[in-house]
Amino acid sequence: MADTLSAPDIRAGRLTSDDYLQNFDDIHPPLDPHEAAVEADRCYFCYDAPCTIACPTSIDIPQFIRQISTGNPVGAAKTIFAENILGGMCARVCPTETLCEEACVRNVAEDKPVSIGLLQRHATDTYMASISGTHFRRAPETGKRVAIVGGGPAGLACAHALALDGHDVTIYEARPKLGGLNEYGIAAYKSVNDFAQREVEFLLSVGGIKVETGKALGRDFTLSDLRAGHDAVFLAMGLSGVNALAAEGEDLNGVLDAVSYIAQLRQAKDLSVLPVGRRVVVIGGGMTAIDIAVQTKKLGADEVTILYRRGQDAMKASRYEQELAQIEGVVIRDWLAPKRIVGEGGNVSAVEAERMTLDSSGRLSGTGETVTFAADQVFKAIGQTFIADPVNGGSEPLALEGGRIRVDADRKTSLSGVWAGGDCVAGGEDLTVASVEDGKLAARSIHAALTA
Amino acid sequence: MTDLSTEFVGIKSPNPFWLASAPPTDKAYNVVRAFKAGWGGVVWKTLGEDPAVVNVNGPRYGAVHGKDRQLIGFNNIELITDRPLEVNLQEIKQVKREWRDRALVVSLMVPCEEKNWIDILKRVEDTEADGVELNFGCPHGMSERGMGSAVGQVPEYIEMVTRWCKQHTRMPVIVKLTPNITDIRKPAQAAKAGGADAVSLINTINSIVSVDLDLMAPNPTIDGKGAHGGYCGPAVKPIALNMVAEIARDPATRGLPISGIGGVTTWRDAAEFMALGAGNVQVCTAAMTYGFKVVQDMIDGLKDWMESKGHTSVSDFVGQAVPNCSDWQHLNLNYITKAKIDQDLCIKCGRCHIACEDTSHQAITAMVDGQRHFEVIDEECVGCNLCVSVCPVENCITMVEMTDGVDPRTKKPIERKFADWTTHPNNPNRVMEAAE
């Protein structure tokens with residue numbers, strides 16, 4: 001086929017600079033004060049509100065919406081931050097359609113929940129625009145020292161809560177910037193205008209938090225070192241490994257890991273330098289798959305196809321996010337598992353996928369039928385893994401469960417004085433908001449232990 | 001055939017919807033637009049003597065808003081017409097000539113001297129207007145000059161001025177009452193004693209609509225100061241309904257025609273006023289909020305409702321609810337209701353539960369078998385209707401009468417016999433039932 005004989009069409013600068021600006025602008029523009037007032041009026045102020053129950057951080061949603069409706073958006077933000085210090089980012093990235101907004105009682109009679117996420121954004125944006133620094137005031141210093149490994153949502157939430165309690169916190173972050181996936185992973189159009197860093201600044205402005213960037217556990221220090229030098233340690237380093245495709249041709253040029261590409265995209269000052277294929281195939285069914293698919297489309301890819309081995313309902317990305325991708329022109333093909341990446345002269349040229357089905361016992365199995373998708377660029381978005389080596393540098397090993405760190409309800413690990421949370425712990429939901437809750441719970445437990 | 005036409009104190013109107021004396025009826029321009037939109041009549045904005053009054057040049061209105069800034073209550077500090085008397089009279093005459101089928105009543109307010117009333121009545125008669133309405137209600141500005149509600153608050157003045165007017169004009173005289181009194185029956189009785197053909201009510205209620213917390217002054221604020229205004233709009237309807245019913249029920253004024261005013265916004269509001277004895281209604285705030293087009297739904301809605309009830313003319317239902325307006329002491333204490341929640345309609349907001357739990361009788365569950373579930377506990381329910389009132393879904397909670405068996409709350413058998421407070425054993429002044 002002529003198509004596959006030619007060199008793959010991967011180019012940077014497919015669009016005009018205006019296109020980039022427009023494509024990567026805020027995907028859900030903020031509500032203006034009038035829109036917020038109208039929307040806030042829809043809240044019924046439910047008793048024992050289902051939305052609050054559905055929120056992993058238990059934000060008092062009826063209370064903050066009432067504060068917006070009574071003309072006190074800054075007070076609303078204080079209510080939000082009391083439970084979720086990263087409420088600003090969560091307002092942008094939470095899959096509200098499967099959390100608070102799914103629980104909203106307005107769905108029952110009208111099929112249209114209160115736009116809780118947008119209201120939360122209105123409140124937190126208003127706060128950040130009108131308050132310099134923070135309204136939080138630290139408790140008197142306790143002299144206790146806590147080390148936090150990883151400056152993502154879990155680490156930041158834990159650091160803020162402990163600093164507030166008067167403890168002396170140091171965050172060790174392997175990357176140059178704090179924020180974790182908020183800074184390096186979230187789709188660009190969900191966190192515009194450098195919001196992740198602005199949120200970090202707000203959070204650090206409480207004081208008492210020392211930041212050591214470029215410091216990685218297992219490379220620059222060991223867990224034993226941290227335990228020796230601190231009263232408590234919180235591990236929140238996320239997932240640094242990526243799953244392998246285990247398919248032939250994975251090493252061909254043009255087969256990329258979606259997570260690294262997105263990190264590169266998020267850090268790019270100029271999006272026109274990012275090379276993107278004309279025909280892109282994405283393998284996976286989670287939010288990373290959706291995010292890379294939509295972003296490559298927005299970077300000018302002509303055809304973007306997501307291949308997912310099960311049915312669309314089984315995708316980890318919500319139906320709402322799938323539909324957003326489809327509106328952007330991404331094609332989602334389900335029941336297709338990649339068998340082989342086809343190459344020409346060392347470059348990817350196609351993905352050969354097998355049509356899948358559930359066998360009589362409900363197990364996923366191949367049908368033998370294959371479909372080939374021509375591709376200039378292939379992205380793997382099939383999940384991340386926890387790399388345990390760094391935490392096992394000391395004498396005592398840290399207990400794992402399903403390949404991630406085992407923790408109890410208070411986020412305590414098997415080692416005394418060591419807590420963990422976020423994506424690196426077993427049972428993690430890979431959600432920003434769940435990580436924030438982990439950090440919060442761990443901080444509560446650490447504070448109790450330090451003041452016992 | 002459903003006929004909406006009315007004849008109120010001899011004044012014919014194609015429908016019972018009149019615009020009240022207020023800004024919408026200050027000029028021919030507005031009144032003609034109203035007639036084109038379908039209004040049955042207008043009460044022209046109150047005329048006074050020359051030189052005309054002046055209005056403030058800053059804000060004269062204030063509002064109370066509900067959800068989505070729906071206007072619930074409205075407040076004004078505007079005075080009577082600020083246009084020269086002759087200009088108004090000319091326009092009235094011309095409009096009446098061009099709109100023969102519509103009612104055109106002229107509202108009046110002059111100082112409490114017989115001569116002043118004689119003078120203005122003569123000039124109004126020349127316009128061929130259908131009648132006059134005496135403004136004894138305006139509670140701000142004019143009352144400081146001994147007019148408006150300053151007259152309406154003294155039954156003797158009402159009677160006196162009404163008598164002068166009846167004496168000096170052949171036009172029907174409607175007396176507009178102020179609600180800013182203790183007992184509305186007294187001014188109504190005075191109007192009747194003076195020979196009034198009808199009363200209209202309510203005028204606006206003394207009000208401070210809100211306070212500007214930066215200026216620390218009442219709204220609307222004029223150069224840092226505010227004065228009380230007159231309150232109207234949907235919020236005042238319940239007060240007006242009660243006052244209309246009081247007059248309709250009072251043996252001293254029974255049968256006195258009433259023009260119902262106060263928060264009429266929909267056909268249903270109008271029907272309610274009329275059920276309580278009003279022969280027609282007057283509207284202002286609804287028009288000032290939505291424009292004159294609102295009358296179309298009032299006309300269609302009233303007509304459709306009348307058809308559904310088999311009424312052919314408005315007189316079929318005017319006053320129908322008056323006999324059912326009673327006093328608390330005559331309410332049947334043996335009538336027992338329990339709230340019932342329709343689980344199919346329930347959206348599980350829990351407001352019924354928390355209202356009952358926090359503030360009333362702990363008669364609604366929040367959780368049943370570990371599930372979020374709201375259900376009435378008949379053993380605790382006193383049938384108060386709070387849950388119905390706070391439920392955001394119409395008809396989700398209803399009050400159901402218990403007609404037999406035992407009331408699970410009191411454990412007493414349901415009595416079918418009527419029994420009110422006057423015969424209740426706990427009433428020290430009870431009347432003993434006649435021995436059978």
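Does B:Asp50 count as buried or exposed, and how many C-beta neighbours does it have inside 10 Å? Keep that question in mind while we walk through this predicted model.

Let's start with the whole of chain A. Its 452 residues form 18 helices and 19 strands. The radius of gyration of chain A is 23 Å, close to the 22 Å from the globule rule, so this chain is as compact as a globular protein of that length. Along the principal axes, its C-alpha trace spans about 70 × 60 × 50 Å. Buried residues make up 49% of chain A. Now look at its contacts with a separation of 6 or more: 72% of them link residues that are 24 or more positions apart.

Next, turn to chain B. Here you can trace a closed barrel of eight strands, in the order 3-4-7-8-9-10-15-16, with parallel pairing. From one strand to the next, the twist averages 25°. One of the pairings joins strand 3 (residues 17–19) to strand 16 (residues 278–283) of chain B, in the parallel sense and over three bridges. To find this spot, look for B:Phe17, which stands opposite B:Val281 in strand 16.

Now back to our opening question. B:Asp50 sits in the loop between strand 4 (41–47) and strand 5 (61–65) of chain B. B:Asp50 has 10 C-beta neighbours inside 10 Å, and a residue with 12 or fewer is exposed, so B:Asp50 counts as exposed. Leaving aside residues up to four places away in sequence, B:Asp50 touches B:Pro84 and B:Leu85. As for B:Arg97, it is 47 residues from B:Asp50 in sequence, and the two are 25 Å apart in space, C-alpha to C-alpha.

Technical notes:
Residues numbered from 1 in each chain as written. Chains lettered and ligands numbered in written order. Predicted model: local features only at pLDDT ≥ 70, side-chain atom pairs only at ≥ 80, totals over all residues. Helix = DSSP H or I, 4+ residues; strand = E, 2+ residues; numbered from the N terminus. Rg over C-alpha atoms; globule rule 2.2 N^0.38 Å. Buried ≥ 20, exposed ≤ 12 C-beta atoms within 10 Å, placed from the backbone. Contact = placed C-beta atoms within 7 Å. Pairing = 2+ DSSP bridges. Axes fitted to C-alpha atoms, helices over the stretch in contact; angles between N-to-C directions.
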